[in-house]
Amino acid sequence: MTEARDDDAQTRIRRAASLKERIYVAFTALAVIIALRAHDAHPDAGLALATLAITVAATVCAVYVADLLSHMVVHSRVPERAEHRHMVTGTLGAATVALPPLVCIGLAALGLYDGSTGLLAAMLITTATLVAIGLLAVRRLAVPRMQRIMILAGEAVLAVGVIALELLSHG
């Protein structure tokens, strides 16, 4: 019975780490998208696509290094093969949140619409992704529904604050 509880705890810890990584990548992508929109009235979609892709790749690499180092600090050893596999798949999985905005900007680069529209669509879809991540985070909490709603409201206020700070820094 204790072994089953340990496995369940490990699953929750991995799920929480994956969620956290997705939030980091999504906010990083959003910051880049906002910066690209703020600095150019007629952004080049190809350049925006390359900038976002490179930033996401760099963020994923940074998340992997942070996971690796924190594992070694906590466990005083390098990760075993299975632990490392979970680390790599979780880190790479975090990059999936950047796919929708990359597609939006990629479609603009292909000429379906202009770069400004592509960045706006990318900003909206990344914001929606953050909302979805929040919903996934609280759906299994063992707290009353009203508390879940309050948690989501708090997350929304913090997210709006982050976005406002990003806009302020580029305004």
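## Exercises on a six-helix model

Ile-105 touches Ala-45, Ala-48, Leu-49, Leu-52, Gly-118, Leu-119 and Ala-122, leaving aside residues up to four places away in sequence. Keep in mind as you work that this is a predicted model.

### Exercise 1: Get your bearings

Work out how many helices and strands the protein has, and what pattern they follow along the sequence.

**Solution.** Start by counting: there are 6 helices and 0 strands. Next, read along the sequence, and the pattern comes out as α-α-α-α-α-α. Then look at the overall dimensions: the C-alpha atoms fill a box of roughly 60 × 40 × 30 Å, taken along the principal axes. Now check how much is hidden: of the 171 residues, 29% are buried. The protein exposes about 10500 Å², and carbon and sulfur atoms supply 69% of that. Finally, consider the contacts with a separation of 6 or more: 68% of them link residues 24 or more positions apart.

### Exercise 2: Find the core

Find the largest nonpolar core and say which helix gives the most to it.

**Solution.** First, the core itself: it has 25 residues, and those with the most contacts inside it are Val-25, Leu-30, Ile-33, Leu-52, Val-56 and Ile-105. Second, the contributors: helix H1 (2-39), H2, helix H4 (99-109), helix H5 (115-138) and helix H6 (145-169) give two or more residues each. Third, the top giver: H1, with 8 residues.

Now go back to Ile-105. Its partners include Leu-52, which is also among the residues with the most contacts inside the core. In H4, Ile-105 is buried along with Pro-101, Leu-102, Cys-104, Gly-106 and Ala-108. To finish with this helix, look at what comes after: H4 is followed by Gly-111, which has a positive phi near 95°.

### Exercise 3: Track down the salt bridge

How many salt bridges does a search of the whole structure find, and which residues form a salt bridge with closest N and O atoms 2.8 Å apart?

**Solution.** The search gives 1 salt bridge. Glu-83 and Arg-77 form a salt bridge, with their closest N and O atoms 2.8 Å apart. As a reminder, side chains of opposite charge can pair when their charged atoms come close.

Next, see how open each partner is. Glu-83 has a relative accessible area of 21%, so it is partly exposed. Arg-77 is at 31% relative accessibility, so it counts as partly exposed too.

Last, zoom out to the charges of the whole protein: there are 14 positive and 13 negative ones, and their mean positions are 9 Å apart.

### Exercise 4: A charge without a partner

Is Asp-67 buried or exposed, and which side chain of opposite charge is nearest?

**Solution.** Begin with its place: Asp-67 sits in helix H2 (residues 45-75). Then ask about its surroundings: Asp-67 is buried but has no salt bridge. The nearest side chain of opposite charge is that of Lys-20, 6.4 Å away. A salt bridge needs the nitrogen and the carboxyl oxygen within 4 Å. So what does Asp-67 touch? Not counting residues up to four places away in sequence, the list is Glu-21, Met-87 and Thr-91.

### Exercise 5: A positive phi outside glycine

Explain why Ser-76 counts as exposed, and say where it is found.

**Solution.** Locate it first: Ser-76 is in the loop between H2 and helix H3 (81-94). Then look at the backbone: its phi is positive, about 55°, although Ser-76 is not a glycine. Now the exposure: Ser-76 has a relative accessible area of 66%, and exposed means over 50%, so the label fits.

### Exercise 6: Sequence gaps and distances in space

For Ala-58, Thr-117 and Leu-141, give the element where each lies and a C-alpha distance for each.

**Solution.** Take them one by one.

- Ala-58 lies in helix H2. Val-25 is 33 residues away in sequence and 9.9 Å away in space, C-alpha to C-alpha. At 46% relative accessibility, Ala-58 is partly exposed.
- Thr-117 lies in helix H5. Pro-79 is 38 residues away in sequence and 44 Å away in space, C-alpha to C-alpha. At 37% relative accessibility, Thr-117 is partly exposed.
- Leu-141 lies in the loop between H5 and H6. Its C-alpha atom is 41 Å from that of Leu-47, with their positions 94 residues apart along the chain. Leu-141 touches Arg-148 and Ile-151, not counting residues up to four places away in sequence. At 35% relative accessibility, Leu-141 is partly exposed.

Methods: Residues are numbered from 1 along each chain as its sequence is written. This is a predicted model: local features need pLDDT of at least 70, side-chain atom pairs count only at pLDDT 80 or more; totals for chains, interfaces and linings use all residues. Side-chain values use heavy atoms; hydrogens and water are left out. Helices (H or I, at least four residues) and strands (E, at least two) are DSSP runs, numbered from the N terminus. Buried means under 20% relative accessible area, exposed over 50%, partly exposed in between (1.4 Å probe, protein chains only). Lys and Arg count as positive and Asp and Glu as negative; His and the chain ends are not counted. Contact means heavy atoms within 4.5 Å. Accessible areas come from the Shrake-Rupley method with a 1.4 Å probe; for residues, only the protein chains shown count as cover. The place of a charge is taken as NZ of Lys, CZ of Arg, CG of Asp or CD of Glu. A nonpolar core is a set of buried Ala, Val, Leu, Ile, Met, Phe, Trp, Tyr and Cys residues joined through side-chain atoms within 4.5 Å.
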